[in-house]
Amino acid sequence: MKIVAIVGSIRKESFNRKLAEHVKNRYQDKFELEILDLKPLPFYNQDLENEPNEAVDSFKAKVKAADAVLWLTPEYNGTVPGVLVNAIDWMSRVDKVLVGKPSWIMGASMGQLGTVKAQLHLRDILFAMGVSSPLLPGNEVYVGAAHEKFDAEGKLIHEPTVQFLDTVVANFLTWMNRYYQ
């Protein structure tokens, strides 16, 4: 199974990027995970949507070819970051590569509630007209106090979180095999 991870933070030491790396490494025997880079994407512009640049074409092609999308979002001002919305804008127009694409969401932040508000907003966006990405139900991953759960090298060291992720990944694989394979 091929999954793309879309990390809504372009920060060098992003906890969400570290979480994506953990998923990629820990479950490499279960699926292939490619972490996509949002930095090369220009601001969405409807004037350019029918003739996007190579970065947009490549990004959309990778999402289209994937079996599923793993979203990892931080929470900025109580919602999803602009770079993540920008990527969704590109993917939801013209060839609409997200329509019908199974998704699951995770998020990490230094706050105690993780990324609860951002994930709720992201779910609304993904269910919006024209995007319609089915989401793994009932397996929310909110990694709060992330600065205490990763070590200096970026490794997830909080064993209860690791065990919970094992459960969520197993649930995701069951869901995918049941409904999308």
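# Briefing: helix H2, salt bridges and nonpolar cores

Glu21 has a relative accessible area of 26%, so Glu21 is partly exposed: that value falls between the 20% limit for buried and the 50% limit for exposed. The model is predicted. Its salt bridges number ten over the whole structure. The points below cover Glu21 and its partner, two further salt bridges, helix H2 and the nonpolar cores.

**Salt bridge within H1**

- Glu21 pairs with Arg17 in a salt bridge, with N and O 3.3 Å apart.
- Both residues sit in helix H1 (residues 15-26). They are four residues apart, which is about one turn of the helix.
- That spacing fits a general rule: an α-helix has 3.6 residues a turn, so residues three or four places apart point the same way.
- Arg17 is partly exposed as well, at 33% relative accessibility.

**Salt bridge between E1 and E2**

- Lys2 and Glu34 form a salt bridge through their side chains, at 3.0 Å from N to O.
- Lys2 belongs to strand E1 and Glu34 to strand E2, so this pair ties together parts 32 residues apart in sequence.
- Glu34 is partly exposed, with a relative accessibility of 23%.

**Salt bridge from H2 to a loop**

- Lys60 forms a salt bridge with Asp95; their closest N and O atoms are 2.6 Å apart.
- This pair links distant parts of the chain, 35 residues apart. Lys60 is in helix H2, while Asp95 is in the loop between H3 and strand E4 (103-108).
- Are Lys60 and Asp95 buried or exposed? Lys60 has 6% relative accessibility, which is under the 20% limit, so Lys60 counts as buried. Asp95, at 41%, counts as partly exposed.
- Salt bridges with shared partners also build one network, made up of Lys2, Glu32, Glu34 and Lys62.

**Helix H2**

- H2 runs over residues 54-65. At 1.5 Å a residue, its twelve residues should span 16 Å, and the end C-alpha atoms are indeed 16 Å apart, so the two agree.
- Which residues of H2 are buried? They are Val56, Phe59, Lys60 and Val63.
- Down the helix axis, these buried residues fall within an arc of 95°, so they line one face of H2.
- Glu54 and Ala65 are exposed on the other side of H2.
- The cover over the buried residues of H2 includes strands E1 (2-7), E2 (32-36) and E3 (68-72), and helix H3 (82-91).
- Asn53 caps the N-terminal end of H2. A side-chain oxygen of Asn53 lies 3.0 Å from the backbone nitrogen of Ala55.

**Nonpolar cores**

- Nonpolar side chains tend to be buried together in soluble globular proteins.
- The largest nonpolar core here has 31 residues. Phe31, Leu70, Trp104, Met106 and Phe172 touch the most other members.
- Elements that give two or more residues to this core are E1, H1, E2, E3, E4, strand E5 (141-143) and helix H5 (159-179).
- Which element gives the most? H5 does, with eight residues.
- Trp104 has contacts with residues more than four places away in sequence, among them Ile3, Phe31, Leu70, Trp71, Leu135, Val168 and Phe172.
- A second core is separate and has 24 residues, including Val56, Ile88, Leu126 and Leu135. Val56 is also one of the buried residues of H2.

Terms used
Residues numbered from 1 in each chain as written. Predicted model: local features only at pLDDT ≥ 70, side-chain atom pairs only at ≥ 80, totals over all residues. Heavy atoms only, no water. Expected span 1.5 Å × (residues − 1). Buried < 20%, exposed > 50% of the residue type's maximum accessible area, 1.4 Å probe, protein only. Arc of directions from axis to C-beta. Contact = heavy atoms within 4.5 Å. Polar contact = N/O pair within 3.5 Å; in protein donor to acceptor, adjacent residues only side chain to side chain. Salt bridge = Lys/Arg side-chain N within 4 Å of Asp/Glu carboxyl O. Core = buried A, V, L, I, M, F, W, Y, C linked by side-chain atoms within 4.5 Å.
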